[in-house]
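Here are some friendly notes to read beside the structure. Please keep the 3D view open and look for each part as we come to it.

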Amino acid sequence: MPADVRADASAAPDTAAVGAPRITGRDLLTAGIYAALVVGLALSGVSNSGFLGEGPQWSRGVSVALLLAACASLCWRRSRPLVPFVVAGPLATAEIIGGGQISAYFLLFEALFVPVMHGSRRVARTCTVIAIAAAVTAMLAALLGGLPGPAVFLVAMIAGLMASTPLLWGWEVRHHREARGAAERLADLEHELAESRAAQAVEAERRSIAHDLHDVIAGHLSAVALHSSLAASLADREARESSLTASRSSAQAALRDLRSMIGVLADEGAGTLPSATLDWPSLAARLRARDPSARVEIAPALIDPARVGPAVQAAALRIGAEAVTNAVRHGRAPIRLTAGIREGAVRIELVNARDGAEALGAGMGRAALAHRALAVGGTARSGPVPDADADGSPGWRVEAVLPLRGLGESSGGSADEAPRTEMIGR
(Lines give C-alpha, C1' and ligand atoms only; values in the text may rest on other atoms or scores of the structure.)
Protein backbone atom coordinates (compact mmCIF):
# COMPACT_ATOMS: atom_id res chain seq x y z
CA MET A 1 0.00 0.00 0.00
CA PRO A 2 1.49 3.46 -0.87
CA ALA A 3 2.70 5.29 2.20
CA ASP A 4 1.48 8.75 1.07
CA VAL A 5 -1.57 8.10 -1.06
CA ARG A 6 -3.52 10.90 0.66
CA ALA A 7 -0.79 13.39 -0.05
CA ASP A 8 -0.59 12.15 -3.63
CA ALA A 9 -4.32 12.75 -4.07
CA SER A 10 -3.87 16.46 -3.35
CA ALA A 11 -0.51 16.95 -5.09
CA ALA A 12 -0.15 19.07 -8.19
CA PRO A 13 -0.15 17.13 -11.47
CA ASP A 14 3.01 16.01 -13.15
CA THR A 15 5.40 16.63 -10.27
CA ALA A 16 8.16 15.19 -12.42
CA ALA A 17 8.15 18.37 -14.45
CA VAL A 18 11.25 20.42 -15.04
CA GLY A 19 12.46 22.02 -11.83
CA ALA A 20 11.06 19.34 -9.49
CA PRO A 21 13.55 18.24 -6.76
CA ARG A 22 15.33 14.95 -7.42
CA ILE A 23 14.85 13.65 -3.90
CA THR A 24 12.45 15.09 -1.32
CA GLY A 25 12.19 14.48 2.40
CA ARG A 26 8.87 12.72 1.84
CA ASP A 27 10.49 10.33 -0.62
CA LEU A 28 13.33 9.53 1.81
CA LEU A 29 10.78 8.89 4.53
CA THR A 30 8.79 6.57 2.26
CA ALA A 31 11.92 4.64 1.26
CA GLY A 32 12.91 4.34 4.94
CA ILE A 33 9.48 3.00 5.91
CA TYR A 34 9.66 0.31 3.22
CA ALA A 35 13.23 -0.59 4.23
CA ALA A 36 12.13 -1.00 7.86
CA LEU A 37 9.23 -3.15 6.68
CA VAL A 38 11.61 -5.37 4.68
CA VAL A 39 14.00 -5.84 7.60
CA GLY A 40 11.20 -6.33 10.13
CA LEU A 41 9.40 -9.01 8.13
CA ALA A 42 12.68 -10.77 7.32
CA LEU A 43 13.65 -10.91 11.02
CA SER A 44 10.17 -12.13 11.95
CA GLY A 45 10.58 -15.15 9.70
CA VAL A 46 7.27 -14.56 7.89
CA SER A 47 7.66 -15.74 4.27
CA ASN A 48 6.23 -18.03 1.62
CA SER A 49 7.79 -20.74 -0.49
CA GLY A 50 8.00 -18.93 -3.84
CA PHE A 51 6.92 -20.43 -7.16
CA LEU A 52 10.08 -22.17 -8.42
CA GLY A 53 10.29 -24.97 -5.89
CA GLU A 54 9.42 -26.23 -2.47
CA GLY A 55 11.38 -23.47 -0.76
CA PRO A 56 13.24 -20.22 -1.41
CA GLN A 57 15.81 -20.38 -4.18
CA TRP A 58 18.29 -18.12 -2.37
CA SER A 59 19.13 -17.12 1.17
CA ARG A 60 17.34 -14.61 3.35
CA GLY A 61 20.34 -12.27 3.11
CA VAL A 62 20.11 -12.18 -0.67
CA SER A 63 16.39 -11.50 -0.45
CA VAL A 64 16.93 -8.62 1.98
CA ALA A 65 19.68 -7.16 -0.23
CA LEU A 66 17.43 -7.29 -3.31
CA LEU A 67 14.53 -5.68 -1.52
CA LEU A 68 16.69 -2.96 0.09
CA ALA A 69 17.95 -2.07 -3.38
CA ALA A 70 14.32 -1.84 -4.45
CA CYS A 71 13.62 0.41 -1.44
CA ALA A 72 16.53 2.69 -2.42
CA SER A 73 14.97 3.26 -5.84
CA LEU A 74 11.90 4.73 -4.13
CA CYS A 75 13.94 7.84 -3.32
CA TRP A 76 13.17 8.95 -6.91
CA ARG A 77 9.49 7.94 -6.80
CA ARG A 78 8.18 11.47 -7.34
CA SER A 79 10.84 13.13 -9.49
CA ARG A 80 11.82 10.09 -11.60
CA PRO A 81 8.90 7.65 -11.34
CA LEU A 82 10.38 5.34 -13.97
CA VAL A 83 13.26 4.46 -11.62
CA PRO A 84 11.09 2.52 -9.12
CA PHE A 85 9.20 0.89 -11.99
CA VAL A 86 12.39 -0.29 -13.69
CA VAL A 87 14.32 -1.19 -10.50
CA ALA A 88 11.85 -2.07 -7.75
CA GLY A 89 9.36 -3.74 -10.09
CA PRO A 90 11.68 -6.48 -11.47
CA LEU A 91 13.45 -7.01 -8.10
CA ALA A 92 10.17 -7.42 -6.24
CA THR A 93 8.84 -9.74 -8.96
CA ALA A 94 11.98 -11.87 -8.78
CA GLU A 95 11.68 -12.09 -5.00
CA ILE A 96 8.01 -13.13 -5.25
CA ILE A 97 8.89 -15.90 -7.71
CA GLY A 98 12.09 -17.25 -6.16
CA GLY A 99 12.63 -15.73 -2.71
CA GLY A 100 9.38 -15.73 -0.84
CA GLN A 101 9.68 -12.52 1.26
CA ILE A 102 6.18 -11.06 1.89
CA SER A 103 7.47 -7.46 1.74
CA ALA A 104 8.11 -7.96 -1.99
CA TYR A 105 4.37 -7.67 -2.64
CA PHE A 106 4.26 -4.23 -1.04
CA LEU A 107 7.24 -3.05 -3.09
CA LEU A 108 5.71 -4.37 -6.31
CA PHE A 109 2.48 -2.53 -5.50
CA GLU A 110 4.44 0.69 -4.98
CA ALA A 111 6.50 0.16 -8.15
CA LEU A 112 3.30 -0.08 -10.25
CA PHE A 113 1.48 2.73 -8.46
CA VAL A 114 4.26 5.35 -8.65
CA PRO A 115 4.53 5.89 -12.45
CA VAL A 116 0.76 6.12 -12.84
CA MET A 117 0.48 8.62 -10.01
CA HIS A 118 3.55 10.80 -10.53
CA GLY A 119 4.62 10.24 -14.13
CA SER A 120 3.48 12.09 -17.21
CA ARG A 121 0.42 10.76 -18.98
CA ARG A 122 2.63 9.06 -21.56
CA VAL A 123 4.72 7.37 -18.85
CA ALA A 124 1.59 6.28 -16.99
CA ARG A 125 0.06 4.71 -20.09
CA THR A 126 3.28 2.96 -21.10
CA CYS A 127 3.83 1.49 -17.64
CA THR A 128 0.21 0.37 -17.48
CA VAL A 129 0.52 -1.50 -20.77
CA ILE A 130 3.79 -3.13 -19.67
CA ALA A 131 2.31 -4.23 -16.32
CA ILE A 132 -0.78 -5.72 -17.96
CA ALA A 133 1.35 -7.49 -20.55
CA ALA A 134 3.58 -8.92 -17.79
CA ALA A 135 0.54 -10.18 -15.84
CA VAL A 136 -0.90 -11.86 -18.94
CA THR A 137 2.51 -13.39 -19.70
CA ALA A 138 2.71 -14.82 -16.16
CA MET A 139 -0.72 -16.44 -16.53
CA LEU A 140 0.19 -17.96 -19.91
CA ALA A 141 3.51 -19.22 -18.53
CA ALA A 142 1.69 -20.91 -15.65
CA LEU A 143 -0.72 -22.58 -18.06
CA LEU A 144 1.94 -23.69 -20.52
CA GLY A 145 4.41 -24.72 -17.82
CA GLY A 146 2.39 -27.68 -16.70
CA LEU A 147 1.68 -26.38 -13.19
CA PRO A 148 -1.18 -28.02 -11.33
CA GLY A 149 -4.58 -26.38 -11.31
CA PRO A 150 -4.37 -24.79 -7.83
CA ALA A 151 -0.95 -23.33 -8.68
CA VAL A 152 -2.25 -21.88 -11.95
CA PHE A 153 -5.20 -20.37 -10.12
CA LEU A 154 -2.87 -18.89 -7.49
CA VAL A 155 -0.58 -17.39 -10.14
CA ALA A 156 -3.56 -15.92 -12.01
CA MET A 157 -5.01 -14.43 -8.83
CA ILE A 158 -1.73 -12.91 -7.65
CA ALA A 159 -0.83 -11.61 -11.13
CA GLY A 160 -4.30 -10.12 -11.64
CA LEU A 161 -4.47 -8.51 -8.22
CA MET A 162 -0.92 -7.19 -8.24
CA ALA A 163 -1.41 -5.66 -11.69
CA SER A 164 -4.97 -4.38 -11.44
CA THR A 165 -5.14 -3.00 -7.90
CA PRO A 166 -2.25 -0.47 -7.99
CA LEU A 167 -3.00 0.51 -11.57
CA LEU A 168 -6.71 1.11 -10.99
CA TRP A 169 -6.03 2.94 -7.73
CA GLY A 170 -3.33 5.09 -9.34
CA TRP A 171 -5.52 6.06 -12.29
CA GLU A 172 -8.45 6.86 -10.01
CA VAL A 173 -6.38 9.16 -7.81
CA ARG A 174 -4.76 10.72 -10.88
CA HIS A 175 -8.14 11.45 -12.46
CA HIS A 176 -9.41 13.08 -9.25
CA ARG A 177 -6.25 15.14 -9.01
CA GLU A 178 -6.46 16.29 -12.63
CA ALA A 179 -10.17 17.08 -12.25
CA ARG A 180 -9.44 19.20 -9.21
CA GLY A 181 -6.61 20.96 -11.05
CA ALA A 182 -8.92 21.67 -13.99
CA ALA A 183 -11.57 23.00 -11.61
CA GLU A 184 -9.03 25.27 -9.94
CA ARG A 185 -7.83 26.57 -13.30
CA LEU A 186 -11.43 27.18 -14.35
CA ALA A 187 -12.06 29.02 -11.09
CA ASP A 188 -8.98 31.17 -11.74
CA LEU A 189 -10.22 31.97 -15.24
CA GLU A 190 -13.65 32.86 -13.89
CA HIS A 191 -12.02 35.08 -11.28
CA GLU A 192 -9.97 36.82 -13.97
CA LEU A 193 -13.09 37.21 -16.10
CA ALA A 194 -15.00 38.69 -13.17
CA GLU A 195 -12.16 41.14 -12.53
CA SER A 196 -12.10 42.08 -16.20
CA ARG A 197 -15.86 42.65 -16.21
CA ALA A 198 -15.62 44.72 -13.04
CA ALA A 199 -12.86 46.82 -14.59
CA GLN A 200 -14.94 47.31 -17.73
CA ALA A 201 -17.94 48.31 -15.63
CA VAL A 202 -15.84 50.84 -13.73
CA GLU A 203 -14.48 52.20 -17.01
CA ALA A 204 -18.00 52.45 -18.47
CA GLU A 205 -19.24 54.24 -15.36
CA ARG A 206 -16.26 56.59 -15.45
CA ARG A 207 -16.99 57.50 -19.05
CA SER A 208 -20.68 57.91 -18.29
CA ILE A 209 -19.88 60.33 -15.47
CA ALA A 210 -17.47 62.22 -17.73
CA HIS A 211 -20.12 62.48 -20.46
CA ASP A 212 -22.75 63.62 -17.97
CA LEU A 213 -20.49 66.33 -16.60
CA HIS A 214 -19.67 67.41 -20.12
CA ASP A 215 -23.33 67.48 -21.16
CA VAL A 216 -24.54 69.38 -18.11
CA ILE A 217 -21.75 71.79 -17.28
CA ALA A 218 -20.12 72.58 -20.62
CA GLY A 219 -23.16 74.36 -22.03
CA HIS A 220 -23.52 76.64 -19.02
CA LEU A 221 -19.83 77.50 -18.96
CA SER A 222 -19.92 78.23 -22.68
CA ALA A 223 -22.76 80.68 -22.05
CA VAL A 224 -20.77 82.27 -19.20
CA ALA A 225 -17.74 82.74 -21.47
CA LEU A 226 -19.91 84.11 -24.30
CA HIS A 227 -21.82 86.67 -22.20
CA SER A 228 -18.80 87.80 -20.21
CA SER A 229 -16.85 88.41 -23.43
CA LEU A 230 -19.83 90.24 -24.89
CA ALA A 231 -20.19 92.41 -21.78
CA ALA A 232 -16.55 93.45 -21.99
CA SER A 233 -17.08 94.72 -25.55
CA LEU A 234 -20.37 96.59 -24.99
CA ALA A 235 -20.34 100.33 -24.41
CA ASP A 236 -24.02 100.59 -23.48
CA ARG A 237 -24.40 100.15 -19.72
CA GLU A 238 -27.85 98.58 -19.87
CA ALA A 239 -26.79 96.01 -22.49
CA ARG A 240 -23.66 95.28 -20.50
CA GLU A 241 -25.68 94.71 -17.33
CA SER A 242 -28.05 92.42 -19.22
CA SER A 243 -25.15 90.36 -20.55
CA LEU A 244 -23.57 90.10 -17.10
CA THR A 245 -26.93 89.02 -15.65
CA ALA A 246 -27.20 86.26 -18.24
CA SER A 247 -23.62 85.20 -17.45
CA ARG A 248 -24.39 85.08 -13.73
CA SER A 249 -27.55 83.03 -14.34
CA SER A 250 -25.61 80.52 -16.43
CA ALA A 251 -22.93 80.23 -13.74
CA GLN A 252 -25.57 79.64 -11.07
CA ALA A 253 -27.25 77.01 -13.23
CA ALA A 254 -23.90 75.26 -13.75
CA LEU A 255 -23.24 75.27 -10.00
CA ARG A 256 -26.74 73.96 -9.29
CA ASP A 257 -26.36 71.12 -11.81
CA LEU A 258 -22.90 70.27 -10.51
CA ARG A 259 -24.21 70.01 -6.95
CA SER A 260 -27.06 67.84 -8.17
CA MET A 261 -24.69 65.41 -9.88
CA ILE A 262 -22.39 65.30 -6.86
CA GLY A 263 -25.43 64.47 -4.73
CA VAL A 264 -26.33 61.61 -7.06
CA LEU A 265 -22.82 60.20 -6.85
CA ALA A 266 -22.65 60.59 -3.07
CA ASP A 267 -25.96 58.73 -2.65
CA GLU A 268 -24.78 55.89 -4.92
CA GLY A 269 -27.87 56.39 -7.06
CA ALA A 270 -28.24 55.98 -10.79
CA GLY A 271 -26.37 58.65 -12.72
CA THR A 272 -29.07 60.86 -14.22
CA LEU A 273 -28.90 64.32 -15.63
CA PRO A 274 -30.36 67.09 -13.42
CA SER A 275 -33.76 68.00 -14.78
CA ALA A 276 -33.85 71.59 -13.50
CA THR A 277 -31.83 73.21 -16.26
CA LEU A 278 -31.27 70.59 -18.98
CA ASP A 279 -34.37 70.40 -21.18
CA TRP A 280 -35.32 71.39 -24.66
CA PRO A 281 -36.49 74.94 -23.74
CA SER A 282 -33.18 75.65 -22.01
CA LEU A 283 -31.29 74.42 -25.07
CA ALA A 284 -33.37 76.68 -27.30
CA ALA A 285 -32.62 79.61 -24.98
CA ARG A 286 -28.88 78.92 -25.20
CA LEU A 287 -28.98 79.00 -28.99
CA ARG A 288 -30.93 82.27 -29.08
CA ALA A 289 -28.48 83.81 -26.68
CA ARG A 290 -25.80 83.08 -29.27
CA ASP A 291 -27.97 83.89 -32.30
CA PRO A 292 -31.22 85.79 -31.61
CA SER A 293 -32.54 84.83 -35.06
CA ALA A 294 -31.71 81.13 -34.65
CA ARG A 295 -34.29 78.79 -36.16
CA VAL A 296 -35.32 76.23 -33.54
CA GLU A 297 -37.93 73.59 -34.37
CA ILE A 298 -38.46 70.91 -31.71
CA ALA A 299 -41.46 68.59 -31.95
CA PRO A 300 -43.53 68.16 -28.75
CA ALA A 301 -43.70 64.40 -29.52
CA LEU A 302 -40.06 64.11 -28.37
CA ILE A 303 -41.20 64.28 -24.74
CA ASP A 304 -44.29 62.11 -25.20
CA PRO A 305 -43.60 58.69 -23.56
CA ALA A 306 -46.28 57.11 -25.73
CA ARG A 307 -44.34 58.09 -28.84
CA VAL A 308 -40.69 57.96 -27.73
CA GLY A 309 -39.19 55.62 -25.13
CA PRO A 310 -37.62 57.14 -21.98
CA ALA A 311 -34.12 55.96 -22.90
CA VAL A 312 -34.39 57.51 -26.36
CA GLN A 313 -35.76 60.75 -24.87
CA ALA A 314 -32.75 60.99 -22.57
CA ALA A 315 -30.31 60.16 -25.36
CA ALA A 316 -31.91 62.72 -27.71
CA LEU A 317 -31.73 65.41 -25.03
CA ARG A 318 -28.09 64.68 -24.30
CA ILE A 319 -27.20 64.67 -28.00
CA GLY A 320 -29.05 67.96 -28.40
CA ALA A 321 -27.19 69.41 -25.41
CA GLU A 322 -23.83 68.42 -26.85
CA ALA A 323 -24.70 69.83 -30.27
CA VAL A 324 -25.93 73.11 -28.76
CA THR A 325 -22.83 73.41 -26.57
CA ASN A 326 -20.56 73.02 -29.59
CA ALA A 327 -22.59 75.54 -31.60
CA VAL A 328 -22.50 78.13 -28.80
CA ARG A 329 -18.81 77.61 -28.11
CA HIS A 330 -17.42 77.31 -31.63
CA GLY A 331 -20.16 78.40 -34.03
CA ARG A 332 -21.78 81.63 -35.15
CA ALA A 333 -24.98 82.73 -36.83
CA PRO A 334 -26.92 81.46 -38.60
CA ILE A 335 -27.85 78.49 -36.42
CA ARG A 336 -30.63 76.01 -37.19
CA LEU A 337 -31.85 73.20 -34.90
CA THR A 338 -34.57 70.74 -35.89
CA ALA A 339 -35.64 67.76 -33.79
CA GLY A 340 -38.67 65.59 -34.39
CA ILE A 341 -40.03 62.28 -35.60
CA ARG A 342 -39.73 61.49 -39.28
CA GLU A 343 -39.81 58.19 -41.16
CA GLY A 344 -40.33 56.19 -37.99
CA ALA A 345 -37.28 57.53 -36.16
CA VAL A 346 -36.17 60.42 -33.99
CA ARG A 347 -34.05 62.76 -36.09
CA ILE A 348 -31.96 65.62 -34.76
CA GLU A 349 -30.03 68.07 -36.90
CA LEU A 350 -28.11 71.19 -35.92
CA VAL A 351 -26.28 73.32 -38.48
CA ASN A 352 -24.26 76.42 -37.68
CA ALA A 353 -21.76 78.59 -39.46
CA ARG A 354 -18.19 78.80 -38.27
CA ASP A 355 -14.97 80.58 -39.02
CA GLY A 356 -13.06 78.79 -41.72
CA ALA A 357 -9.72 79.30 -39.93
CA GLU A 358 -10.88 77.55 -36.77
CA ALA A 359 -9.36 74.10 -36.25
CA LEU A 360 -11.73 71.13 -36.34
CA GLY A 361 -12.33 69.49 -33.00
CA ALA A 362 -12.04 65.78 -32.27
CA GLY A 363 -12.41 65.62 -28.51
CA MET A 364 -14.85 64.24 -25.96
CA GLY A 365 -17.87 66.00 -27.44
CA ARG A 366 -17.85 64.14 -30.75
CA ALA A 367 -17.18 60.82 -29.02
CA ALA A 368 -20.07 61.52 -26.63
CA LEU A 369 -22.47 62.00 -29.54
CA ALA A 370 -21.70 58.59 -30.99
CA HIS A 371 -21.75 56.97 -27.54
CA ARG A 372 -25.19 58.36 -26.66
CA ALA A 373 -26.70 57.27 -29.97
CA LEU A 374 -25.13 53.81 -29.96
CA ALA A 375 -26.42 53.15 -26.43
CA VAL A 376 -30.02 53.14 -27.73
CA GLY A 377 -29.33 51.52 -31.11
CA GLY A 378 -29.02 54.70 -33.16
CA THR A 379 -26.31 56.60 -35.02
CA ALA A 380 -24.86 60.08 -34.77
CA ARG A 381 -22.26 61.91 -36.77
CA SER A 382 -20.83 65.39 -36.97
CA GLY A 383 -18.54 67.18 -39.38
CA PRO A 384 -17.95 70.25 -41.49
CA VAL A 385 -20.20 71.36 -44.33
CA PRO A 386 -19.14 73.76 -47.10
CA ASP A 387 -22.22 76.02 -47.14
CA ALA A 388 -23.91 76.73 -43.80
CA ASP A 389 -25.54 79.99 -44.93
CA ALA A 390 -26.57 81.84 -48.07
CA ASP A 391 -23.10 83.32 -48.47
CA GLY A 392 -21.56 79.84 -48.73
CA SER A 393 -19.63 80.18 -45.48
CA PRO A 394 -18.24 76.96 -43.99
CA GLY A 395 -20.24 75.41 -41.22
CA TRP A 396 -20.75 72.43 -38.98
CA ARG A 397 -23.54 69.86 -38.98
CA VAL A 398 -24.59 67.40 -36.29
CA GLU A 399 -27.00 64.63 -37.35
CA ALA A 400 -28.49 61.89 -35.19
CA VAL A 401 -31.01 59.17 -36.03
CA LEU A 402 -32.48 57.24 -33.09
CA PRO A 403 -35.13 54.51 -32.92
CA LEU A 404 -38.42 55.38 -31.25
CA ARG A 405 -37.72 52.75 -28.60
CA GLY A 406 -34.36 51.94 -27.10
CA LEU A 407 -32.85 48.50 -26.80
CA GLY A 408 -35.10 46.34 -24.62
CA GLU A 409 -37.96 48.89 -24.46
CA SER A 410 -41.47 47.88 -25.50
CA SER A 411 -42.81 49.58 -28.58
CA GLY A 412 -45.60 52.12 -28.41
CA GLY A 413 -47.22 54.38 -30.96
CA SER A 414 -45.09 55.11 -33.98
CA ALA A 415 -47.00 57.58 -36.10
CA ASP A 416 -44.64 60.07 -37.71
CA GLU A 417 -44.80 63.69 -36.74
CA ALA A 418 -42.85 66.37 -38.55
CA PRO A 419 -41.42 69.34 -36.60
CA ARG A 420 -43.78 72.28 -36.20
CA THR A 421 -43.01 75.96 -35.77
CA GLU A 422 -44.95 76.13 -32.47
CA MET A 423 -42.22 74.08 -30.89
CA ILE A 424 -40.96 73.45 -27.37
CA GLY A 425 -39.08 76.46 -26.05
CA ARG A 426 -40.10 78.76 -28.87
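1. Let's start with the sheet in this predicted model. What is the order of the strands? There are 5 of them in an open sheet, arranged E1-E2-E3-E5-E4, and the pairing is mixed. As a reminder, strands of a sheet pair through backbone hydrogen bonds, and they can do so in parallel or antiparallel fashion.

2. Which strands stand at the edges? They are E1 (295–298) and E4 (379–385); each has a single partner strand, so one side of each is left without a neighbour in the sheet. On average, neighbouring strands of this sheet are turned by 10 degrees against each other, with direction ignored.

3. Next, please find strand E3 (residues 345–353) and strand E5 (residues 395–403). These two run antiparallel and are joined by 9 bridges. To see one place where they face each other, look at Ile348, which stands opposite Ala400 in E5.

4. Stay with E3 a little longer, since Val346 is found in this strand. Is Val346 buried or exposed? Its relative accessibility is 0%, so Val346 counts as buried. Leaving aside neighbours within four places in sequence, the residues in contact with Val346 include Leu302, Val308, Val312, Gly340 and Ile341. Val401, Leu402, Pro403 and Leu404 are also among the contacts of Val346, and so is Ala400, the residue that Ile348 stands opposite.

5. One more contact of Val346 deserves a look: Ala316. How many residues apart in sequence are Val346 and Ala316? The answer is 30, while in space their C-alpha atoms are 7.9 Å apart.

6. Now turn to the helices. Helix H9 (residues 280–290) lies across three strands, namely E1, E2 (332–342) and E3, and runs at about 160 degrees to E2. Helix H10 (residues 310–330) has 21 residues. From its first C-alpha to its last, H10 reaches 30 Å, close to the 30 Å expected at 1.5 Å a residue. Is H10 mostly covered or mostly open? It is mostly covered, with 16 of its 21 residues buried.

7. For a change of scene, look for aromatic rings. The count comes to 2 aromatic pairs. In one of them, Phe109 and Trp169 meet edge-to-face, at 6.0 Å centre to centre and with 80 degrees between the planes. Phe109 lies in helix H5 (residues 103–118) and Trp169 in helix H7 (residues 149–233), so this pair ties together parts that are 60 residues apart in sequence. Phe109 is buried, at a relative accessible area of 10%, whereas Trp169 is partly exposed, at 29%.

8. Phe113 and Trp169 also form an edge-to-face pair, with 6.1 Å centre to centre and 70 degrees between the planes. Here too a residue of H5 meets one of H7, so parts that are 56 residues apart in sequence are tied together. Phe113 is buried, with a relative accessible area of 0%. Ring pairs link Phe109, Phe113 and Trp169 into a cluster. It may help to recall that an α-helix has 3.6 residues a turn, so residues three or four places apart point the same way.

9. Finally, a word on confidence. The mean pLDDT of the chain is 80, and 78% of its residues reach 70 or more. Where does pLDDT stay under 50? One such stretch is residues 1–20, for which the model has 49 contacts beyond four places in sequence. Another is residues 413–423, with 35 such contacts.

Key
Residues numbered from 1 in each chain as written. Predicted model: local features only at pLDDT ≥ 70, side-chain atom pairs only at ≥ 80, totals over all residues. Heavy atoms only, no water. pLDDT = per-residue confidence, 0-100. Contact = heavy atoms within 4.5 Å. Phe/Tyr/Trp six-rings, centres within 6.5 Å; stacked < 30°, edge-to-face > 60°. Helix = DSSP H or I, 4+ residues; strand = E, 2+ residues; numbered from the N terminus. Buried < 20%, exposed > 50% of the residue type's maximum accessible area, 1.4 Å probe, protein only. Expected span 1.5 Å × (residues − 1). Pairing = 2+ DSSP bridges. Axes fitted to C-alpha atoms, helices over the stretch in contact; angles between N-to-C directions.
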